Amino acid sequence: MITPPTVSTGAHVTEPPTAEAIAALDAADPLRAVRDRFTLPDGVIYLDGNSLGALPTATAARVATVLHDEWGTGLIRSWNSADWIGAPQRVGAKIAQLVGAAPHEVIAADSTSVNLYKLIVAALTAQPSRTVVLSEPGNFPTDLYMIESAMQAVGGGHRLVLAPRDEIAARIDDDTALVLLTHVHYKTAELHDMAALTAAAHARGALILWDLSHSVGAVPLDLRGCGADLAVGCGYKFLNGGPGAPAFLFVAERHHNTLASPLGGWMGHARPFAFVDHYEPAPGVARFLCGTPPIVAFAALESGVDLHLEMDMQVIAQKSRALAALFIDLVAAHCAPYGLTLVGPPRGAPRGSHVSFRHPEGYAIMQALIARGVIGDFRAPDILRFGLTPLYLRYADIAQAVSILETVLRTEAWRAPEYQVRQAVT
Ligand SMILES: *Cc1c(COP(=O)(O)O)cnc(C)c1O
(Lines give C-alpha, C1' and ligand atoms only; values in the text may rest on other atoms or scores of the structure.)
Protein backbone atom coordinates (compact mmCIF):
# COMPACT_ATOMS: atom_id res chain seq x y z
CA MET A 1 0.00 0.00 0.00
CA ILE A 2 1.21 3.49 -0.80
CA THR A 3 1.23 5.94 2.08
CA PRO A 4 1.69 9.71 1.93
CA PRO A 5 5.32 10.84 2.26
CA THR A 6 6.28 10.01 5.78
CA VAL A 7 7.10 12.58 8.36
CA SER A 8 10.79 12.64 9.16
CA THR A 9 13.54 15.03 10.10
CA GLY A 10 14.82 17.72 7.77
CA ALA A 11 17.12 15.29 6.01
CA HIS A 12 16.14 15.00 2.39
CA VAL A 13 15.05 11.76 0.85
CA THR A 14 17.29 10.47 -1.91
CA GLU A 15 14.65 8.46 -3.74
CA PRO A 16 11.70 10.68 -4.66
CA PRO A 17 8.38 8.95 -5.26
CA THR A 18 7.78 7.57 -8.73
CA ALA A 19 5.02 8.80 -11.03
CA GLU A 20 3.06 5.64 -10.16
CA ALA A 21 3.38 6.31 -6.44
CA ILE A 22 2.17 9.88 -6.97
CA ALA A 23 -0.80 8.67 -9.02
CA ALA A 24 -1.64 6.28 -6.20
CA LEU A 25 -1.59 9.15 -3.69
CA ASP A 26 -4.11 11.02 -5.84
CA ALA A 27 -6.28 7.93 -6.22
CA ALA A 28 -6.40 7.47 -2.45
CA ASP A 29 -6.91 11.17 -1.68
CA PRO A 30 -10.10 11.65 0.37
CA LEU A 31 -10.36 15.21 -1.00
CA ARG A 32 -9.93 14.37 -4.68
CA ALA A 33 -13.57 15.11 -5.60
CA VAL A 34 -13.44 18.56 -3.97
CA ARG A 35 -11.37 19.92 -6.86
CA ASP A 36 -14.52 19.74 -9.00
CA ARG A 37 -16.14 22.30 -6.69
CA PHE A 38 -13.74 24.96 -7.98
CA THR A 39 -13.47 26.79 -11.27
CA LEU A 40 -9.84 26.64 -12.27
CA PRO A 41 -8.36 27.64 -15.65
CA ASP A 42 -6.85 24.94 -17.85
CA GLY A 43 -3.09 24.79 -18.01
CA VAL A 44 -2.58 26.37 -14.60
CA ILE A 45 -1.14 24.84 -11.44
CA TYR A 46 -2.37 27.24 -8.81
CA LEU A 47 0.05 27.53 -5.92
CA ASP A 48 -1.28 30.83 -4.65
CA GLY A 49 -4.37 29.89 -2.68
CA ASN A 50 -2.70 31.47 0.33
CA SER A 51 -2.77 34.88 -1.37
CA LEU A 52 -6.03 34.66 -3.29
CA GLY A 53 -8.03 31.47 -2.95
CA ALA A 54 -9.51 30.03 -6.14
CA LEU A 55 -13.14 30.56 -7.15
CA PRO A 56 -15.64 28.04 -5.76
CA THR A 57 -17.98 27.18 -8.62
CA ALA A 58 -21.05 27.79 -6.47
CA THR A 59 -19.98 31.38 -5.81
CA ALA A 60 -20.95 32.75 -9.22
CA ALA A 61 -24.56 31.64 -8.76
CA ARG A 62 -24.65 32.90 -5.17
CA VAL A 63 -23.43 36.32 -6.20
CA ALA A 64 -25.84 36.35 -9.16
CA THR A 65 -28.74 35.65 -6.80
CA VAL A 66 -27.72 38.55 -4.60
CA LEU A 67 -27.44 40.83 -7.62
CA HIS A 68 -30.57 39.86 -9.52
CA ASP A 69 -33.02 38.71 -6.86
CA GLU A 70 -31.96 40.40 -3.65
CA TRP A 71 -30.70 43.69 -5.03
CA GLY A 72 -32.44 43.91 -8.43
CA THR A 73 -35.89 42.81 -7.23
CA GLY A 74 -35.82 42.94 -3.44
CA LEU A 75 -34.12 46.32 -3.39
CA ILE A 76 -33.89 47.86 0.05
CA ARG A 77 -36.36 45.31 1.44
CA SER A 78 -33.55 42.72 1.28
CA TRP A 79 -31.85 44.20 4.32
CA ASN A 80 -34.60 42.38 6.19
CA SER A 81 -36.02 39.77 3.81
CA ALA A 82 -32.61 38.40 2.77
CA ASP A 83 -31.07 39.15 6.17
CA TRP A 84 -28.40 41.39 4.68
CA ILE A 85 -28.23 43.15 8.01
CA GLY A 86 -27.30 39.91 9.77
CA ALA A 87 -24.46 39.03 7.38
CA PRO A 88 -21.55 40.03 9.65
CA GLN A 89 -22.87 37.93 12.55
CA ARG A 90 -24.13 35.07 10.38
CA VAL A 91 -20.86 34.65 8.47
CA GLY A 92 -18.90 35.32 11.66
CA ALA A 93 -20.70 32.45 13.39
CA LYS A 94 -19.74 30.15 10.51
CA ILE A 95 -16.11 31.24 10.63
CA ALA A 96 -16.22 30.63 14.39
CA GLN A 97 -16.55 26.93 13.64
CA LEU A 98 -13.28 27.03 11.69
CA VAL A 99 -11.31 28.82 14.40
CA GLY A 100 -12.62 27.04 17.49
CA ALA A 101 -14.69 29.94 18.81
CA ALA A 102 -18.27 30.27 20.00
CA PRO A 103 -20.65 31.65 17.32
CA HIS A 104 -21.17 34.94 19.16
CA GLU A 105 -17.42 35.60 19.49
CA VAL A 106 -16.72 36.26 15.79
CA ILE A 107 -17.95 38.83 13.28
CA ALA A 108 -16.99 39.25 9.64
CA ALA A 109 -16.25 42.87 8.82
CA ASP A 110 -13.88 45.35 7.25
CA SER A 111 -10.35 44.33 6.27
CA THR A 112 -7.79 42.52 8.38
CA SER A 113 -5.85 45.78 8.67
CA VAL A 114 -8.84 47.72 10.00
CA ASN A 115 -9.75 44.90 12.38
CA LEU A 116 -6.19 44.92 13.71
CA TYR A 117 -6.46 48.63 14.35
CA LYS A 118 -9.75 48.32 16.22
CA LEU A 119 -8.56 45.50 18.43
CA ILE A 120 -5.09 46.92 19.16
CA VAL A 121 -6.54 50.27 20.23
CA ALA A 122 -9.17 48.47 22.31
CA ALA A 123 -6.54 46.36 24.06
CA LEU A 124 -4.23 49.30 24.80
CA THR A 125 -7.03 51.52 26.04
CA ALA A 126 -8.25 48.82 28.39
CA GLN A 127 -4.88 48.58 30.16
CA PRO A 128 -3.59 52.14 30.53
CA SER A 129 -0.81 51.25 32.95
CA ARG A 130 0.96 48.92 30.52
CA THR A 131 3.03 50.48 27.74
CA VAL A 132 4.53 47.76 25.55
CA VAL A 133 3.22 46.02 22.45
CA LEU A 134 5.28 42.94 21.71
CA SER A 135 5.57 41.42 18.26
CA GLU A 136 8.27 39.90 16.08
CA PRO A 137 10.51 41.40 13.41
CA GLY A 138 9.41 40.31 9.95
CA ASN A 139 5.77 40.05 10.98
CA PHE A 140 3.37 40.85 8.14
CA PRO A 141 3.87 44.57 7.42
CA THR A 142 0.30 45.70 8.00
CA ASP A 143 0.36 44.19 11.49
CA LEU A 144 3.39 46.26 12.47
CA TYR A 145 2.12 49.40 10.75
CA MET A 146 -1.22 49.08 12.49
CA ILE A 147 0.52 48.75 15.85
CA GLU A 148 2.28 52.05 15.09
CA SER A 149 -0.99 53.74 14.09
CA ALA A 150 -2.83 52.39 17.13
CA MET A 151 -0.08 53.52 19.50
CA GLN A 152 -0.36 57.05 18.05
CA ALA A 153 -4.13 56.97 18.37
CA VAL A 154 -4.06 56.12 22.07
CA GLY A 155 -1.91 59.14 22.69
CA GLY A 156 1.71 58.17 23.01
CA GLY A 157 3.62 56.59 25.81
CA HIS A 158 3.56 53.17 24.19
CA ARG A 159 6.40 51.43 22.47
CA LEU A 160 6.67 48.50 20.11
CA VAL A 161 9.16 45.81 21.04
CA LEU A 162 10.14 43.29 18.36
CA ALA A 163 11.60 40.06 19.72
CA PRO A 164 12.83 37.06 17.72
CA ARG A 165 10.37 34.21 17.95
CA ASP A 166 12.35 32.08 20.35
CA GLU A 167 12.61 35.01 22.79
CA ILE A 168 9.01 36.20 22.70
CA ALA A 169 7.72 34.25 25.70
CA ALA A 170 10.63 35.43 27.85
CA ARG A 171 10.15 39.06 26.83
CA ILE A 172 6.56 39.27 28.09
CA ASP A 173 6.55 41.18 31.38
CA ASP A 174 4.35 43.25 33.66
CA ASP A 175 4.60 46.21 31.27
CA THR A 176 3.35 44.23 28.27
CA ALA A 177 -0.12 45.34 27.28
CA LEU A 178 -0.49 43.25 24.14
CA VAL A 179 1.33 40.46 22.33
CA LEU A 180 0.46 40.48 18.62
CA LEU A 181 1.61 37.55 16.54
CA THR A 182 0.79 36.03 13.19
CA HIS A 183 0.09 32.38 13.87
CA VAL A 184 1.43 31.04 10.54
CA HIS A 185 4.25 33.20 9.21
CA TYR A 186 3.36 34.55 5.78
CA LYS A 187 6.80 34.00 4.34
CA THR A 188 8.20 30.97 6.08
CA ALA A 189 5.09 28.99 7.15
CA GLU A 190 6.54 28.74 10.67
CA LEU A 191 3.86 28.07 13.24
CA HIS A 192 3.66 29.67 16.67
CA ASP A 193 2.53 27.55 19.61
CA MET A 194 -0.74 29.34 20.25
CA ALA A 195 -1.57 27.61 23.52
CA ALA A 196 1.88 28.09 25.05
CA LEU A 197 2.28 31.74 24.04
CA THR A 198 -1.25 32.58 25.12
CA ALA A 199 -0.52 31.03 28.51
CA ALA A 200 2.77 32.94 28.71
CA ALA A 201 0.98 36.23 27.99
CA HIS A 202 -1.71 35.53 30.58
CA ALA A 203 0.88 34.55 33.20
CA ARG A 204 2.11 38.17 33.09
CA GLY A 205 -1.34 39.70 32.76
CA ALA A 206 -0.95 40.65 29.08
CA LEU A 207 -3.50 40.24 26.31
CA ILE A 208 -2.70 38.37 23.11
CA LEU A 209 -3.98 38.99 19.58
CA TRP A 210 -3.52 36.29 16.96
CA ASP A 211 -3.50 37.09 13.24
CA LEU A 212 -4.94 33.99 11.58
CA SER A 213 -4.69 35.21 7.98
CA HIS A 214 -2.55 32.27 6.86
CA SER A 215 -4.11 29.83 9.33
CA VAL A 216 -7.87 29.84 8.87
CA GLY A 217 -8.88 27.12 6.42
CA ALA A 218 -5.31 25.84 6.39
CA VAL A 219 -4.61 24.44 9.85
CA PRO A 220 -6.86 23.29 12.71
CA LEU A 221 -7.48 26.10 15.18
CA ASP A 222 -8.83 26.17 18.72
CA LEU A 223 -9.03 29.76 19.98
CA ARG A 224 -11.23 28.79 22.93
CA GLY A 225 -9.10 25.81 23.89
CA CYS A 226 -6.01 28.02 23.83
CA GLY A 227 -7.70 30.72 25.87
CA ALA A 228 -6.94 33.37 23.22
CA ASP A 229 -8.17 36.90 23.86
CA LEU A 230 -8.37 38.40 20.40
CA ALA A 231 -7.88 37.34 16.80
CA VAL A 232 -8.26 38.60 13.25
CA GLY A 233 -8.09 36.84 9.91
CA CYS A 234 -8.48 37.15 6.21
CA GLY A 235 -11.39 36.11 3.99
CA TYR A 236 -9.72 35.96 0.59
CA LYS A 237 -6.87 33.53 1.23
CA PHE A 238 -7.64 29.95 2.29
CA LEU A 239 -11.34 30.79 2.82
CA ASN A 240 -11.81 31.46 -0.92
CA GLY A 241 -13.95 34.53 -0.26
CA GLY A 242 -12.83 36.48 -3.34
CA PRO A 243 -10.48 39.40 -3.88
CA GLY A 244 -10.79 41.91 -1.04
CA ALA A 245 -13.35 39.76 0.80
CA PRO A 246 -14.44 40.97 4.23
CA ALA A 247 -12.13 39.86 7.02
CA PHE A 248 -13.14 38.69 10.51
CA LEU A 249 -12.36 39.39 14.12
CA PHE A 250 -12.69 37.37 17.32
CA VAL A 251 -13.13 38.73 20.84
CA ALA A 252 -13.30 36.18 23.67
CA GLU A 253 -16.61 36.39 25.46
CA ARG A 254 -14.98 37.41 28.75
CA HIS A 255 -13.84 40.68 27.11
CA HIS A 256 -17.11 41.51 25.39
CA ASN A 257 -18.26 44.28 27.62
CA THR A 258 -14.90 45.67 28.69
CA LEU A 259 -13.26 46.35 25.31
CA ALA A 260 -14.39 49.32 23.25
CA SER A 261 -13.99 49.92 19.52
CA PRO A 262 -12.20 53.13 18.57
CA LEU A 263 -14.41 53.37 15.48
CA GLY A 264 -17.86 53.91 16.88
CA GLY A 265 -19.79 53.58 13.66
CA TRP A 266 -23.54 53.20 13.66
CA MET A 267 -23.47 49.48 12.82
CA GLY A 268 -21.75 48.89 16.15
CA HIS A 269 -24.36 50.88 18.02
CA ALA A 270 -26.69 49.14 20.44
CA ARG A 271 -29.70 50.43 18.46
CA PRO A 272 -28.55 51.58 15.01
CA PHE A 273 -32.05 52.34 13.82
CA ALA A 274 -33.00 54.43 16.82
CA PHE A 275 -30.94 57.21 15.15
CA VAL A 276 -30.02 58.81 18.45
CA ASP A 277 -27.30 61.46 18.73
CA HIS A 278 -25.00 59.65 21.11
CA TYR A 279 -22.97 56.48 20.53
CA GLU A 280 -23.80 53.55 22.75
CA PRO A 281 -21.83 50.38 22.01
CA ALA A 282 -23.74 47.23 21.11
CA PRO A 283 -23.41 44.43 23.63
CA GLY A 284 -20.96 41.74 22.62
CA VAL A 285 -18.68 41.54 19.60
CA ALA A 286 -21.12 43.51 17.40
CA ARG A 287 -19.71 46.74 18.85
CA PHE A 288 -16.68 46.14 16.63
CA LEU A 289 -18.81 46.64 13.52
CA CYS A 290 -18.44 50.06 12.00
CA GLY A 291 -20.20 50.83 8.70
CA THR A 292 -22.61 49.14 6.32
CA PRO A 293 -21.51 45.63 5.29
CA PRO A 294 -20.58 45.08 1.60
CA ILE A 295 -23.29 42.58 0.71
CA VAL A 296 -22.09 41.43 -2.73
CA ALA A 297 -18.68 40.68 -1.27
CA PHE A 298 -20.31 38.95 1.68
CA ALA A 299 -22.16 36.59 -0.70
CA ALA A 300 -18.86 35.42 -2.16
CA LEU A 301 -17.25 35.08 1.27
CA GLU A 302 -20.15 33.10 2.66
CA SER A 303 -19.98 30.71 -0.28
CA GLY A 304 -16.28 30.05 0.37
CA VAL A 305 -16.89 29.59 4.08
CA ASP A 306 -19.83 27.23 3.48
CA LEU A 307 -17.60 25.01 1.37
CA HIS A 308 -15.13 24.79 4.24
CA LEU A 309 -17.84 23.86 6.70
CA GLU A 310 -18.41 20.67 4.70
CA MET A 311 -14.76 19.67 5.14
CA ASP A 312 -12.86 18.02 7.96
CA MET A 313 -10.00 20.32 8.97
CA GLN A 314 -7.92 17.34 10.10
CA VAL A 315 -8.16 15.80 6.63
CA ILE A 316 -7.21 19.11 5.04
CA ALA A 317 -4.24 19.51 7.40
CA GLN A 318 -3.02 15.97 6.82
CA LYS A 319 -3.05 16.42 3.04
CA SER A 320 -1.37 19.82 3.42
CA ARG A 321 1.52 18.19 5.30
CA ALA A 322 1.79 15.45 2.68
CA LEU A 323 1.81 17.98 -0.20
CA ALA A 324 4.53 19.97 1.57
CA ALA A 325 6.65 16.88 2.19
CA LEU A 326 6.33 15.86 -1.46
CA PHE A 327 7.23 19.36 -2.68
CA ILE A 328 10.30 19.49 -0.43
CA ASP A 329 11.43 15.99 -1.44
CA LEU A 330 11.05 16.65 -5.16
CA VAL A 331 12.91 19.97 -4.96
CA ALA A 332 15.70 18.26 -3.01
CA ALA A 333 15.88 15.48 -5.60
CA HIS A 334 15.68 17.58 -8.78
CA CYS A 335 16.64 21.17 -8.03
CA ALA A 336 19.58 20.74 -5.67
CA PRO A 337 22.24 22.16 -8.02
CA TYR A 338 20.47 25.48 -8.57
CA GLY A 339 20.85 27.30 -5.29
CA LEU A 340 17.36 27.05 -3.82
CA THR A 341 17.28 27.09 -0.02
CA LEU A 342 14.27 25.84 1.91
CA VAL A 343 13.07 28.57 4.26
CA GLY A 344 11.09 27.79 7.40
CA PRO A 345 10.27 24.46 8.99
CA PRO A 346 12.13 21.38 7.71
CA ARG A 347 10.26 18.51 6.13
CA GLY A 348 7.88 16.90 8.57
CA ALA A 349 7.97 19.69 11.16
CA PRO A 350 4.73 21.51 12.03
CA ARG A 351 4.00 24.22 9.45
CA GLY A 352 1.32 26.22 7.73
CA SER A 353 0.13 25.36 4.25
CA HIS A 354 2.84 26.86 2.07
CA VAL A 355 6.44 26.11 1.22
CA SER A 356 9.05 28.78 0.56
CA PHE A 357 12.50 28.77 -0.96
CA ARG A 358 15.08 31.49 -1.08
CA HIS A 359 16.93 32.29 -4.31
CA PRO A 360 18.75 35.51 -5.29
CA GLU A 361 16.86 35.52 -8.60
CA GLY A 362 13.56 34.65 -6.94
CA TYR A 363 11.55 37.37 -8.66
CA ALA A 364 12.60 36.44 -12.21
CA ILE A 365 12.23 32.71 -11.49
CA MET A 366 8.67 33.23 -10.29
CA GLN A 367 7.82 35.29 -13.38
CA ALA A 368 9.17 32.48 -15.59
CA LEU A 369 7.11 29.94 -13.64
CA ILE A 370 3.94 32.03 -13.95
CA ALA A 371 4.51 32.32 -17.70
CA ARG A 372 4.56 28.48 -17.76
CA GLY A 373 1.33 28.19 -15.79
CA VAL A 374 2.79 27.57 -12.34
CA ILE A 375 1.39 30.41 -10.27
CA GLY A 376 3.04 31.08 -6.95
CA ASP A 377 4.27 34.35 -5.57
CA PHE A 378 7.40 36.24 -4.76
CA ARG A 379 7.98 37.93 -1.44
CA ALA A 380 10.78 40.47 -1.26
CA PRO A 381 13.67 40.29 -1.09
CA ASP A 382 14.27 36.75 -2.35
CA ILE A 383 11.46 34.33 -1.47
CA LEU A 384 9.59 32.04 -3.83
CA ARG A 385 6.41 31.06 -2.03
CA PHE A 386 4.17 28.17 -3.05
CA GLY A 387 0.75 27.88 -1.45
CA LEU A 388 -0.49 24.32 -1.01
CA THR A 389 -4.26 24.24 -1.00
CA PRO A 390 -5.44 20.69 -0.27
CA LEU A 391 -8.95 21.33 -1.62
CA TYR A 392 -7.89 21.64 -5.23
CA LEU A 393 -4.30 20.54 -5.61
CA ARG A 394 -3.37 17.05 -6.69
CA TYR A 395 -0.10 15.35 -5.80
CA ALA A 396 0.53 15.15 -9.56
CA ASP A 397 0.25 18.95 -9.74
CA ILE A 398 3.10 19.23 -7.24
CA ALA A 399 5.23 16.85 -9.29
CA GLN A 400 4.53 18.80 -12.47
CA ALA A 401 5.20 22.14 -10.81
CA VAL A 402 8.59 20.96 -9.54
CA SER A 403 9.41 19.55 -12.95
CA ILE A 404 8.68 22.96 -14.54
CA LEU A 405 10.70 24.65 -11.79
CA GLU A 406 13.61 22.34 -12.56
CA THR A 407 13.39 23.23 -16.28
CA VAL A 408 13.31 26.97 -15.55
CA LEU A 409 16.38 26.65 -13.32
CA ARG A 410 18.34 24.26 -15.57
CA THR A 411 17.75 26.26 -18.75
CA GLU A 412 18.04 29.60 -16.93
CA ALA A 413 14.85 30.64 -18.69
CA TRP A 414 14.41 33.24 -15.95
CA ARG A 415 17.19 35.32 -17.54
CA ALA A 416 14.80 36.56 -20.27
CA PRO A 417 14.40 40.33 -19.95
CA GLU A 418 10.62 40.22 -19.60
CA TYR A 419 10.97 38.35 -16.31
CA GLN A 420 13.13 41.08 -14.79
CA VAL A 421 10.43 43.79 -14.94
CA ARG A 422 8.82 44.35 -11.54
CA GLN A 423 5.05 44.65 -11.56
CA ALA A 424 3.03 46.61 -9.01
CA VAL A 425 1.75 43.48 -7.27
CA THR A 426 4.13 40.62 -6.70
C1 LIG B 1 -2.84 38.80 4.07
C2 LIG B 1 -2.57 39.30 5.42
C3 LIG B 1 -3.15 40.48 5.86
C4 LIG B 1 -3.99 41.26 4.91
O5 LIG B 1 -4.51 42.43 5.40
P6 LIG B 1 -5.53 43.26 4.48
O7 LIG B 1 -6.05 44.29 5.36
O8 LIG B 1 -6.53 42.30 3.93
O9 LIG B 1 -4.75 43.82 3.33
C10 LIG B 1 -2.90 40.88 7.17
N11 LIG B 1 -2.09 40.15 7.98
C12 LIG B 1 -1.51 39.01 7.55
C13 LIG B 1 -0.65 38.22 8.47
C14 LIG B 1 -1.72 38.56 6.26
O15 LIG B 1 -1.14 37.45 5.84
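**Close-up views of a predicted model**

**View 1. Ser 303 in helix H10.** Ser 303 is part of helix H10, which spans residues 295-309. The model is predicted. The relative accessibility of Ser 303 is 3%, so this residue counts as buried, the cut-off for that class being under 20%. Beyond its neighbours within four places in sequence, Ser 303 is in contact with Pro 56, Ala 58, Thr 59 and Arg 62. With Thr 59 there is also a polar contact: the two side chains are joined at 2.7 Å.

**View 2. Residues around the ligand.** The ligand is surrounded by Ser 111, Thr 112, Ser 113, Phe 140, Thr 142, Asp 143, Thr 182, Asp 211, Ser 213, His 214, Tyr 236 and Lys 237. By class, this shell consists of 7 polar, 3 charged and 2 nonpolar residues.

**View 3. Polar side-chain atoms at the ligand.** In the side chain of Asp 143, an N or O atom is 3.1 Å from a nitrogen atom of the ligand. Oxygen atoms of the ligand are approached by two other side chains: a polar atom of Tyr 236 lies 2.7 Å from one such oxygen, and a polar atom of His 214 lies 3.2 Å from a ligand oxygen. The ligand taken alone exposes 380 Å², and the protein buries 87% of that area. Two elements each give two or more residues to the surrounding shell, namely helix H5 (112-126) and helix H6 (141-153).

Definitions and conventions: Residues numbered from 1 in each chain as written. Predicted model: local features only at pLDDT ≥ 70, side-chain atom pairs only at ≥ 80, totals over all residues. Heavy atoms only, no water. Near = heavy atom within 4 Å. Polar contact = N/O pair within 3.5 Å; in protein donor to acceptor, adjacent residues only side chain to side chain. Areas by Shrake-Rupley, 256 points an atom, 1.4 Å probe, with all protein chains shown as cover. Helix = DSSP H or I, 4+ residues; strand = E, 2+ residues; numbered from the N terminus. Nonpolar A, V, L, I, M, F, W, Y, C, P; charged D, E, K, R; others polar. Buried < 20%, exposed > 50% of the residue type's maximum accessible area, 1.4 Å probe, protein only. Contact = heavy atoms within 4.5 Å.
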